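Subject: Structure handover and notes

Dear colleague,

I am passing the structure on to you below, together with the notes I made while going through it. Please read them alongside the coordinates.

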Amino acid sequence: MDLIVDHNSDFNDFHAILNSEKMTECFLSNGDIVEIYNQNSRFLVAVKGNDSCGSDKILLSRSLCINSNLFIGSRVSIRPFQNCPSADTVVFAPIEDSVANITGPYDKILNQVLSSIIPHFINNF
């Protein structure tokens, strides 16, 4: 199925947003993993339904577009990705010495970032 990449204004949302009817047509539900691909790139992302999204579009945040080398208006295809294993553990490398102009205790910075992105990771690292 071909879709056109459009901008998701919520920069904290790392899901691909699809029209709810399109998700039903593809037998997808919220949180399912899909492979988004075109001739230049291929990556996995969780999907979320939203009726305000056009049926021919897929909404991606700016960071997802940058990390996947996609641009607004790019044509992509999606397909369900069935065999995506869950991570047993997630290890975050220290960032105090690797990112300019960020100072402070590592655990507090990480808690702030993760609480806005992935709430169920809080207090689990």
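His 7 is partly exposed, because its relative accessible area of 44% falls between the 20% limit for buried and the 50% limit for exposed residues; please bear in mind here and throughout that this is a predicted model. The residue lies in strand β1, and beyond the residues up to four places away in sequence, His 7 touches Leu 59, Leu 60 and Ile 72. One of these, Leu 60, is also the bridge partner of His 7 in β5. The C-alpha atoms of His 7 and Ile 17 are separated by 9.8 Å, with their positions 10 residues apart along the chain.

That bridge belongs to a longer pairing, in which β1 and strand β5 (residues 57-60) run in the parallel sense over 4 bridges. Strand β1 (residues 2-7) also pairs with strand β6 (residues 75-80), here in the antiparallel sense and over 3 bridges, and within this pairing Asp 2 has Ser 77 of β6 as its bridge partner.

As for the fold as a whole, the protein has 3 helices and 6 strands, and when these are read along the sequence they follow the pattern β-β-α-β-β-β-α-β-α. Of the contacts with a separation of 6 or more, 66% are accounted for by residues 24 or more positions apart. The protein has 125 residues, of which 30% count as buried, and its accessible surface comes to about 8300 Å², with 52% of that belonging to carbon and sulfur atoms.

The remaining strand pairings involve β4. Strand β2 (residues 16-18) and strand β4 (residues 42-49) pair in the parallel sense over 3 bridges, with Ala 16 standing opposite Val 47 in β4. Strand β3 (residues 33-37), on the other hand, runs antiparallel to β4 and is joined to it by 5 bridges; β3 and β4 form a hairpin that has 4 residues between the two strands, and Tyr 37 has Arg 42 of β4 as its bridge partner.

Tyr 37 deserves a second look for its ring, since Arg 79 lies over the face of Tyr 37 at 4.2 Å from the ring centre. Pairs of aromatic rings were examined as well, and the count of such pairs comes to 0 when ring centres have to lie within 6.5 Å of each other.

Which residues does Glu 35 contact, once its neighbours within four places in sequence are left aside? Glu 35, which is found in strand β3, is in contact with Arg 42, Phe 43 and Leu 44, and also with Ser 77, Ile 78, Arg 79 and Phe 81. Its relative accessibility is 10%, and Glu 35 therefore counts as buried, the limit being 20%. Between the C-alpha atoms of Glu 35 and Ser 77 the separation is 8.2 Å, although the two residues are 42 residues apart along the chain.

Asn 19 lies in the loop between β2 and α1 (20-25). Is Asn 19 buried or exposed? With a relative accessible area of 9%, Asn 19 is buried, because the value is under 20%. Not counting residues up to four places away in sequence, Asn 19 touches Asn 50, Asp 51, Cys 53, Gly 54 and Ser 55.

Two cysteines complete these notes. Cys 65 is found in helix α2 (residues 62-68) and counts as buried, because its relative accessibility of 8% is under the 20% limit. Leaving aside neighbours within four places in sequence, Cys 65 is in contact with Val 5, Leu 60 and Leu 70; Leu 60 thus appears here again, having been named above among the residues that His 7 touches. Cys 65 and Asn 8 are 57 residues apart in sequence, and their C-alpha atoms are 9.9 Å apart in space. Cys 26 is buried too, with a relative accessible area of 16%.

A disulfide is a covalent bond between the sulfur atoms of two cysteines. The structure holds 0 disulfides, which means that no pair of cysteine sulfur atoms lies within 2.5 Å.

With best regards

Methods
Residues are numbered from 1 along each chain as its sequence is written. This is a predicted model: local features need pLDDT of at least 70, side-chain atom pairs count only at pLDDT 80 or more; totals for chains, interfaces and linings use all residues. Side-chain values use heavy atoms; hydrogens and water are left out. Two strands pair if DSSP finds at least two bridges between them. Buried means under 20% relative accessible area, exposed over 50%, partly exposed in between (1.4 Å probe, protein chains only). Contact means heavy atoms within 4.5 Å. Accessible areas come from the Shrake-Rupley method with a 1.4 Å probe; for residues, only the protein chains shown count as cover. Rings of Phe, Tyr and Trp (its six-membered ring) pair if their centres lie within 6.5 Å; planes under 30 degrees apart count as stacked, over 60 as edge-to-face and the rest as tilted. A charge sits over a ring if NZ of Lys or CZ of Arg is within 6 Å of the ring centre and within 35 degrees of the ring normal.
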